[in-house]
Amino acid sequence: MTIKKVGIIGCGAMGSGIAQVVLQAGYKVIVQDSGQQFLDTGLKRIKTSLDKLEKKDAITSGKNQEIQNLLSGTIVLEDLSDCDLVIEAVFEEINIKQDVFSSLDSICKKETIFASNTSSLSITQMAAFTNRPSQFVGLHFFNPVPVMQLVEVVKTMSTQAEVLKTILDFAASLGKVSVVAVDTAGFLVNRLLTPFLLDAMQAAENGVASVRDIDAAMKLGCNHAMGPLMLADFIGLDVLYNASSIMFDEYKDSRYASPPILRKMVLSGNFGQKSGKGFYDWSDGRNPVPSTLNN
Ligand code: 3HC
(Lines give C-alpha, C1' and ligand atoms only; values in the text may rest on other atoms or scores of the structure.)
Protein backbone atom coordinates (compact mmCIF):
# COMPACT_ATOMS: atom_id res chain seq x y z
CA MET A 1 0.00 0.00 0.00
CA THR A 2 1.58 3.27 -1.12
CA ILE A 3 0.45 6.62 0.17
CA LYS A 4 0.93 9.57 -2.18
CA LYS A 5 -2.13 11.74 -1.74
CA VAL A 6 -3.73 12.47 1.63
CA GLY A 7 -7.17 13.96 2.24
CA ILE A 8 -7.85 15.82 5.47
CA ILE A 9 -11.40 16.49 6.60
CA GLY A 10 -11.76 19.50 8.87
CA CYS A 11 -9.47 22.48 8.83
CA GLY A 12 -9.50 23.62 12.47
CA ALA A 13 -6.41 23.73 14.70
CA MET A 14 -5.88 19.95 14.46
CA GLY A 15 -6.77 19.50 10.78
CA SER A 16 -4.55 22.36 9.63
CA GLY A 17 -1.68 21.21 11.88
CA ILE A 18 -1.95 17.68 10.46
CA ALA A 19 -2.08 19.08 6.91
CA GLN A 20 1.09 21.07 7.57
CA VAL A 21 3.17 18.13 8.79
CA VAL A 22 1.89 15.88 5.98
CA LEU A 23 2.78 18.54 3.40
CA GLN A 24 6.23 19.05 4.92
CA ALA A 25 6.83 15.31 4.49
CA GLY A 26 6.25 15.75 0.73
CA TYR A 27 2.75 14.29 0.28
CA LYS A 28 0.03 15.87 -1.88
CA VAL A 29 -2.70 17.13 0.45
CA ILE A 30 -6.30 18.09 -0.16
CA VAL A 31 -8.10 19.68 2.76
CA GLN A 32 -11.89 19.62 2.94
CA ASP A 33 -14.12 21.70 5.20
CA SER A 34 -17.87 22.09 5.08
CA GLY A 35 -17.93 25.87 4.58
CA GLN A 36 -15.80 28.17 2.40
CA GLN A 37 -15.10 30.47 5.34
CA PHE A 38 -13.79 27.62 7.57
CA LEU A 39 -11.72 26.36 4.65
CA ASP A 40 -10.20 29.78 3.90
CA THR A 41 -9.33 30.29 7.59
CA GLY A 42 -7.70 26.85 7.77
CA LEU A 43 -5.70 27.29 4.55
CA LYS A 44 -4.53 30.68 5.79
CA ARG A 45 -3.44 29.12 9.09
CA ILE A 46 -1.32 26.54 7.22
CA LYS A 47 0.24 29.22 5.00
CA THR A 48 1.00 31.51 7.98
CA SER A 49 2.63 28.66 9.88
CA LEU A 50 4.81 27.70 6.89
CA ASP A 51 5.72 31.37 6.30
CA LYS A 52 6.80 31.56 9.98
CA LEU A 53 9.14 28.61 9.39
CA GLU A 54 10.60 30.47 6.40
CA LYS A 55 11.10 33.62 8.51
CA LYS A 56 12.91 31.52 11.13
CA ASP A 57 15.10 30.05 8.31
CA ALA A 58 13.79 26.58 9.15
CA ILE A 59 12.86 26.24 5.44
CA THR A 60 13.98 28.19 2.36
CA SER A 61 11.53 30.31 0.41
CA GLY A 62 11.82 27.83 -2.50
CA LYS A 63 10.97 24.93 -0.19
CA ASN A 64 8.04 26.85 1.27
CA GLN A 65 6.66 27.42 -2.24
CA GLU A 66 7.25 23.79 -3.16
CA ILE A 67 5.34 22.66 -0.03
CA GLN A 68 2.46 25.07 -0.63
CA ASN A 69 2.15 23.86 -4.23
CA LEU A 70 1.28 20.41 -2.86
CA LEU A 71 -1.78 21.84 -1.05
CA SER A 72 -5.31 22.28 -2.32
CA GLY A 73 -8.62 22.96 -0.61
CA THR A 74 -12.24 22.09 -1.32
CA ILE A 75 -15.66 22.14 0.25
CA VAL A 76 -16.72 19.15 -1.87
CA LEU A 77 -16.16 15.73 -0.28
CA GLU A 78 -16.20 14.06 -3.75
CA ASP A 79 -12.87 15.78 -4.53
CA LEU A 80 -11.20 13.30 -2.15
CA SER A 81 -12.10 10.29 -4.29
CA ASP A 82 -8.52 9.53 -5.40
CA CYS A 83 -6.82 9.91 -1.99
CA ASP A 84 -4.79 6.98 -0.67
CA LEU A 85 -5.41 7.98 2.94
CA VAL A 86 -8.12 10.21 4.44
CA ILE A 87 -7.65 11.62 7.95
CA GLU A 88 -10.79 12.96 9.60
CA ALA A 89 -10.43 15.81 12.11
CA VAL A 90 -13.97 17.19 12.49
CA PHE A 91 -15.98 17.95 15.67
CA GLU A 92 -16.05 15.20 18.30
CA GLU A 93 -19.65 14.34 17.53
CA ILE A 94 -20.39 10.77 16.49
CA ASN A 95 -23.29 11.73 14.17
CA ILE A 96 -21.04 14.10 12.21
CA LYS A 97 -18.36 11.40 11.97
CA GLN A 98 -20.99 8.94 10.75
CA ASP A 99 -22.06 11.31 7.94
CA VAL A 100 -18.43 11.88 6.93
CA PHE A 101 -17.37 8.24 6.89
CA SER A 102 -20.48 6.76 5.28
CA SER A 103 -20.19 9.37 2.49
CA LEU A 104 -16.44 8.82 2.08
CA ASP A 105 -17.00 5.08 1.88
CA SER A 106 -19.02 5.47 -1.31
CA ILE A 107 -16.81 8.27 -2.71
CA CYS A 108 -13.26 6.93 -2.21
CA LYS A 109 -11.55 4.18 -4.20
CA LYS A 110 -11.69 0.78 -2.53
CA GLU A 111 -8.01 0.83 -1.46
CA THR A 112 -8.26 4.13 0.47
CA ILE A 113 -7.39 3.85 4.17
CA PHE A 114 -9.54 5.83 6.60
CA ALA A 115 -8.21 7.33 9.82
CA SER A 116 -9.83 9.38 12.55
CA ASN A 117 -8.02 11.90 14.74
CA THR A 118 -10.63 11.46 17.47
CA SER A 119 -9.30 11.66 21.02
CA SER A 120 -12.03 9.63 22.68
CA LEU A 121 -14.73 8.30 20.36
CA SER A 122 -14.76 4.63 19.40
CA ILE A 123 -12.73 3.76 16.30
CA THR A 124 -14.61 0.44 16.09
CA GLN A 125 -17.94 2.28 15.94
CA MET A 126 -16.67 4.62 13.20
CA ALA A 127 -15.22 1.71 11.22
CA ALA A 128 -18.66 0.08 11.35
CA PHE A 129 -20.13 3.07 9.45
CA THR A 130 -18.12 1.85 6.43
CA ASN A 131 -17.76 -1.31 4.39
CA ARG A 132 -14.00 -1.31 4.96
CA PRO A 133 -13.45 -1.81 8.73
CA SER A 134 -10.18 -3.64 7.98
CA GLN A 135 -8.82 -0.37 6.47
CA PHE A 136 -9.74 1.83 9.41
CA VAL A 137 -7.47 3.12 12.20
CA GLY A 138 -7.22 5.89 14.78
CA LEU A 139 -4.45 8.41 14.10
CA HIS A 140 -4.41 10.67 17.11
CA PHE A 141 -2.16 13.72 16.83
CA PHE A 142 -1.37 16.17 19.63
CA ASN A 143 -1.69 19.92 19.72
CA PRO A 144 0.30 21.82 18.43
CA VAL A 145 0.74 19.14 15.76
CA PRO A 146 3.92 20.58 14.17
CA VAL A 147 5.64 20.60 17.59
CA MET A 148 4.42 17.45 19.36
CA GLN A 149 6.43 14.35 18.51
CA LEU A 150 3.85 11.70 19.28
CA VAL A 151 1.10 10.13 17.25
CA GLU A 152 -1.12 7.45 18.76
CA VAL A 153 -2.08 4.75 16.29
CA VAL A 154 -5.24 2.93 17.31
CA LYS A 155 -6.11 -0.50 15.96
CA THR A 156 -9.39 -2.31 16.21
CA MET A 157 -10.16 -6.04 16.14
CA SER A 158 -10.67 -5.67 12.37
CA THR A 159 -7.63 -3.57 11.39
CA GLN A 160 -5.54 -5.49 8.85
CA ALA A 161 -1.86 -6.00 9.77
CA GLU A 162 -0.77 -4.57 6.41
CA VAL A 163 -2.86 -1.43 6.98
CA LEU A 164 -1.36 -0.97 10.44
CA LYS A 165 2.15 -1.27 8.98
CA THR A 166 1.35 1.26 6.24
CA ILE A 167 0.10 3.74 8.84
CA LEU A 168 3.11 3.22 11.14
CA ASP A 169 5.44 3.81 8.16
CA PHE A 170 3.41 6.88 7.23
CA ALA A 171 3.68 8.29 10.80
CA ALA A 172 7.44 7.68 10.75
CA SER A 173 7.71 9.49 7.41
CA LEU A 174 6.16 12.55 9.10
CA GLY A 175 8.99 12.49 11.63
CA LYS A 176 6.62 11.40 14.40
CA VAL A 177 7.10 8.68 16.99
CA SER A 178 4.13 6.32 17.16
CA VAL A 179 2.68 4.25 19.93
CA VAL A 180 0.06 1.61 19.18
CA ALA A 181 -3.02 1.26 21.37
CA VAL A 182 -6.04 -0.98 21.09
CA ASP A 183 -9.38 0.75 20.73
CA THR A 184 -10.59 1.64 24.22
CA ALA A 185 -11.95 5.01 25.39
CA GLY A 186 -9.16 7.59 25.70
CA PHE A 187 -6.69 5.14 24.09
CA LEU A 188 -3.39 5.55 25.92
CA VAL A 189 -2.59 9.24 26.42
CA ASN A 190 -6.01 10.54 27.42
CA ARG A 191 -6.64 7.50 29.62
CA LEU A 192 -3.58 8.52 31.65
CA LEU A 193 -3.70 12.31 31.24
CA THR A 194 -7.38 12.97 31.97
CA PRO A 195 -7.49 11.80 35.64
CA PHE A 196 -4.41 13.97 36.29
CA LEU A 197 -6.06 17.08 34.81
CA LEU A 198 -9.36 16.40 36.62
CA ASP A 199 -7.45 15.96 39.90
CA ALA A 200 -5.77 19.34 39.43
CA MET A 201 -9.18 20.94 38.86
CA GLN A 202 -10.51 19.29 42.00
CA ALA A 203 -7.52 20.57 43.99
CA ALA A 204 -8.24 24.11 42.74
CA GLU A 205 -11.94 23.75 43.45
CA ASN A 206 -11.29 22.46 46.98
CA GLY A 207 -8.92 25.36 47.70
CA VAL A 208 -5.87 23.13 48.16
CA ALA A 209 -3.81 25.80 46.38
CA SER A 210 -4.27 28.62 43.88
CA VAL A 211 -4.41 28.06 40.12
CA ARG A 212 -1.00 29.69 39.83
CA ASP A 213 0.54 27.45 42.51
CA ILE A 214 -0.96 24.19 41.23
CA ASP A 215 0.51 24.90 37.81
CA ALA A 216 3.84 26.13 39.17
CA ALA A 217 4.09 22.95 41.29
CA MET A 218 3.84 20.61 38.30
CA LYS A 219 5.71 22.82 35.84
CA LEU A 220 8.68 23.54 38.05
CA GLY A 221 8.56 20.50 40.34
CA CYS A 222 8.03 17.87 37.64
CA ASN A 223 9.37 19.69 34.59
CA HIS A 224 6.07 19.62 32.65
CA ALA A 225 5.85 21.99 29.66
CA MET A 226 2.66 23.52 31.10
CA GLY A 227 0.88 23.18 34.43
CA PRO A 228 -2.25 20.96 34.35
CA LEU A 229 -4.76 23.82 34.56
CA MET A 230 -3.10 25.77 31.76
CA LEU A 231 -2.93 22.56 29.73
CA ALA A 232 -6.64 21.99 30.35
CA ASP A 233 -7.38 25.50 29.05
CA PHE A 234 -5.09 24.86 26.08
CA ILE A 235 -6.81 21.58 25.17
CA GLY A 236 -10.29 23.12 25.67
CA LEU A 237 -12.47 22.57 28.75
CA ASP A 238 -15.39 21.54 26.53
CA VAL A 239 -13.18 18.93 24.84
CA LEU A 240 -12.04 17.59 28.22
CA TYR A 241 -15.56 17.54 29.61
CA ASN A 242 -16.76 15.59 26.61
CA ALA A 243 -13.79 13.18 26.63
CA SER A 244 -14.00 12.51 30.37
CA SER A 245 -17.75 11.81 30.07
CA ILE A 246 -17.07 9.24 27.33
CA MET A 247 -14.37 7.58 29.46
CA PHE A 248 -16.59 7.64 32.56
CA ASP A 249 -19.39 5.98 30.57
CA GLU A 250 -17.05 3.24 29.39
CA TYR A 251 -15.07 2.54 32.58
CA LYS A 252 -17.59 3.60 35.28
CA ASP A 253 -14.50 4.67 37.21
CA SER A 254 -14.65 7.80 39.38
CA ARG A 255 -11.18 8.82 38.15
CA TYR A 256 -12.94 10.00 34.97
CA ALA A 257 -15.80 11.84 36.71
CA SER A 258 -15.79 15.58 35.89
CA PRO A 259 -15.49 17.76 38.99
CA PRO A 260 -18.36 20.29 39.33
CA ILE A 261 -16.02 23.21 38.51
CA LEU A 262 -15.40 21.79 35.02
CA ARG A 263 -19.08 21.32 34.31
CA LYS A 264 -19.90 24.82 35.56
CA MET A 265 -17.19 26.40 33.46
CA VAL A 266 -18.32 24.60 30.31
CA LEU A 267 -21.98 25.50 30.92
CA SER A 268 -20.90 29.12 31.41
CA GLY A 269 -19.13 29.13 28.03
CA ASN A 270 -15.68 29.29 29.62
CA PHE A 271 -13.85 26.82 27.38
CA GLY A 272 -10.29 27.98 28.12
CA GLN A 273 -7.91 29.61 25.65
CA LYS A 274 -10.26 29.48 22.65
CA SER A 275 -13.08 31.36 24.42
CA GLY A 276 -10.72 33.73 26.28
CA LYS A 277 -11.55 32.43 29.75
CA GLY A 278 -11.11 29.25 31.79
CA PHE A 279 -8.69 28.61 34.62
CA TYR A 280 -6.84 31.59 33.10
CA ASP A 281 -7.90 34.85 31.54
CA TRP A 282 -6.48 34.70 28.00
CA SER A 283 -7.33 38.31 26.99
CA ASP A 284 -3.62 38.85 26.49
CA GLY A 285 -2.80 35.57 24.75
CA ARG A 286 0.93 35.86 25.45
CA ASN A 287 0.40 36.42 29.18
CA PRO A 288 -2.50 34.36 30.52
CA VAL A 289 -3.53 35.49 34.01
CA PRO A 290 -4.53 32.80 36.56
CA SER A 291 -8.15 33.13 37.69
CA THR A 292 -9.30 33.46 41.24
CA LEU A 293 -11.94 30.76 41.13
CA ASN A 294 -15.41 32.00 41.82
CA ASN A 295 -17.18 28.70 42.41
N1 3HC B 1 2.30 25.63 15.50
C2 3HC B 1 3.60 25.51 15.15
N3 3HC B 1 4.62 25.75 16.01
C4 3HC B 1 4.30 26.17 17.25
C5 3HC B 1 2.98 26.32 17.69
C6 3HC B 1 1.95 26.03 16.74
N7 3HC B 1 0.64 26.12 17.05
N8 3HC B 1 2.99 26.74 18.98
C9 3HC B 1 4.26 26.83 19.34
N10 3HC B 1 5.06 26.49 18.30
C11 3HC B 1 6.52 26.43 18.29
C12 3HC B 1 7.10 27.83 18.34
O13 3HC B 1 7.19 28.40 17.05
C14 3HC B 1 8.48 27.55 18.95
O15 3HC B 1 9.36 27.07 17.95
P16 3HC B 1 10.94 27.45 17.98
O17 3HC B 1 11.48 26.90 19.29
O18 3HC B 1 11.48 26.77 16.76
O19 3HC B 1 10.98 28.94 17.91
C20 3HC B 1 8.20 26.39 19.92
O21 3HC B 1 6.98 25.77 19.47
C22 3HC B 1 8.03 26.86 21.35
O23 3HC B 1 6.96 27.81 21.36
P24 3HC B 1 6.95 29.11 22.28
O25 3HC B 1 8.35 29.57 22.53
O26 3HC B 1 5.96 30.09 21.69
O27 3HC B 1 6.25 28.68 23.63
P28 3HC B 1 6.59 27.51 24.63
O29 3HC B 1 8.06 27.23 24.74
O30 3HC B 1 5.85 27.89 25.85
O31 3HC B 1 5.91 26.23 23.96
C32 3HC B 1 4.12 24.76 23.63
C33 3HC B 1 4.57 26.21 23.63
C34 3HC B 1 4.85 24.00 22.52
C35 3HC B 1 2.62 24.75 23.35
C36 3HC B 1 4.48 24.13 25.03
O37 3HC B 1 3.96 24.92 26.05
C38 3HC B 1 3.96 22.72 25.20
O39 3HC B 1 4.56 21.77 24.72
N40 3HC B 1 2.83 22.59 25.93
C41 3HC B 1 2.21 21.29 26.18
C42 3HC B 1 1.40 20.91 24.97
C43 3HC B 1 0.75 19.58 25.16
O44 3HC B 1 0.89 18.89 26.15
N45 3HC B 1 -0.02 19.20 24.13
C46 3HC B 1 -0.79 17.97 24.15
C47 3HC B 1 -2.18 18.27 24.56
S48 3HC B 1 -3.16 16.83 24.67
C49 3HC B 1 -3.78 16.64 23.13
O50 3HC B 1 -3.54 17.41 22.21
C51 3HC B 1 -4.65 15.44 22.93
C52 3HC B 1 -6.07 15.78 22.83
O53 3HC B 1 -6.73 14.60 22.48
C54 3HC B 1 -6.67 16.31 24.09
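1. Start with helix 6 of this predicted model, which runs over residues 161-173. Its 13 residues reach 18 Å from the first C-alpha to the last, close to the 18 Å expected at 1.5 Å a residue. The buried residues here are Val 163, Leu 164, Thr 166, Ile 167, Phe 170 and Ala 171. They sit on the same side of helix 6, because they cover an arc of only 160 degrees around the axis. Turn to the face that points away from this buried side and you'll find the exposed residues Ala 161 and Lys 165. Just after the helix, have a look at Gly 175, where phi is positive, about 85 degrees.

2. Helix 4 is a good one to view next. It spans residues 94-107, and its 14 residues reach 20 Å from first C-alpha to last, close to the 20 Å expected at 1.5 Å a residue. Ile 94, Lys 97, Val 100, Phe 101, Leu 104, Asp 105 and Ile 107 are the buried residues, so a lysine and an aspartate are on that list. Looking down the axis, the buried residues of helix 4 fall within an arc of 165 degrees, so they line one face of the helix. Asp 99 and Ser 106 are exposed on the other side. What do the buried residues of helix 4 pack against? Their partners are strand 1 (5-9), strand 4 (85-88), strand 5 (113-116), helix 5 (123-127) and strand 6 (136-141).

3. Now for the ligand. There are 15 residues around it, and those that come nearest are Lys 56, Ser 119, His 140, Asn 143 and Asn 190. Lys 56 places a polar side-chain atom 3.0 Å from an oxygen atom of the ligand. With Asn 143, the backbone is involved: one of its polar backbone atoms is 2.8 Å from a nitrogen atom of the ligand. Asn 190 uses its side chain, with a polar atom 3.1 Å from an oxygen atom of the ligand.

4. Asn 190 deserves a second look. You'll find it in helix 7 (residues 189-205), and its relative accessibility of 11% counts as buried. Which residues does Asn 190 contact, leaving aside neighbours within four places in sequence? They are Ser 119, His 140, Pro 195 and Met 247. Ser 119 and His 140 also appear among the residues that come nearest to the ligand.

5. Asn 143 has another feature to check. The peptide bond from Asn 143 to Pro 144 is cis, and its omega is near -5 degrees. Pro 144 itself is in the loop between strand 6 and strand 7 (150-155).

6. Two backbone angles are worth a click. Asp 57 has a positive phi, near 65 degrees, though the residue isn't a glycine. Its place is the loop between helix 2 and helix 3 (61-69), and at 68% relative accessibility Asp 57 is exposed. Asn 223 also has a positive phi in a residue other than glycine, near 60 degrees. That asparagine is in the loop between helix 8 (211-222) and helix 9 (228-235), and Asn 223 is exposed too, with a relative accessible area of 70%.

7. How many disulfides does the structure hold? Zero. Take Cys 83: the closest cysteine sulfur is that of Cys 108, and at 6.4 Å it is too far for a bond. For that pairing to count as a disulfide, the two sulfur atoms would have to be within 2.5 Å. Cys 83 is buried, with 0% relative accessible area, whereas Cys 222 is partly exposed at 42%.

8. Leu 43, in helix 2 (residues 36-55), is partly exposed, with a relative accessible area of 22%. Leu 43 and Cys 11 are 32 residues apart in sequence, yet their C-alpha atoms are 7.5 Å apart in space. Not counting residues up to four places away in sequence, Leu 43 touches Cys 11, Leu 71 and Gly 73.

9. Last stop, Ser 291. This serine lies in the segment after strand 10 (289-290) and counts as buried at 18% relative accessibility. With residues up to four places away in sequence left out, Ser 291 touches Val 211, Gly 278, Phe 279, Tyr 280 and Asp 281.

How values were computed
Residues numbered from 1 in each chain as written. Predicted model: local features only at pLDDT ≥ 70, side-chain atom pairs only at ≥ 80, totals over all residues. Heavy atoms only, no water. Helix = DSSP H or I, 4+ residues; strand = E, 2+ residues; numbered from the N terminus. Expected span 1.5 Å × (residues − 1). Buried < 20%, exposed > 50% of the residue type's maximum accessible area, 1.4 Å probe, protein only. Arc of directions from axis to C-beta. Contact = heavy atoms within 4.5 Å. Near = heavy atom within 4 Å. Polar contact = N/O pair within 3.5 Å; in protein donor to acceptor, adjacent residues only side chain to side chain.
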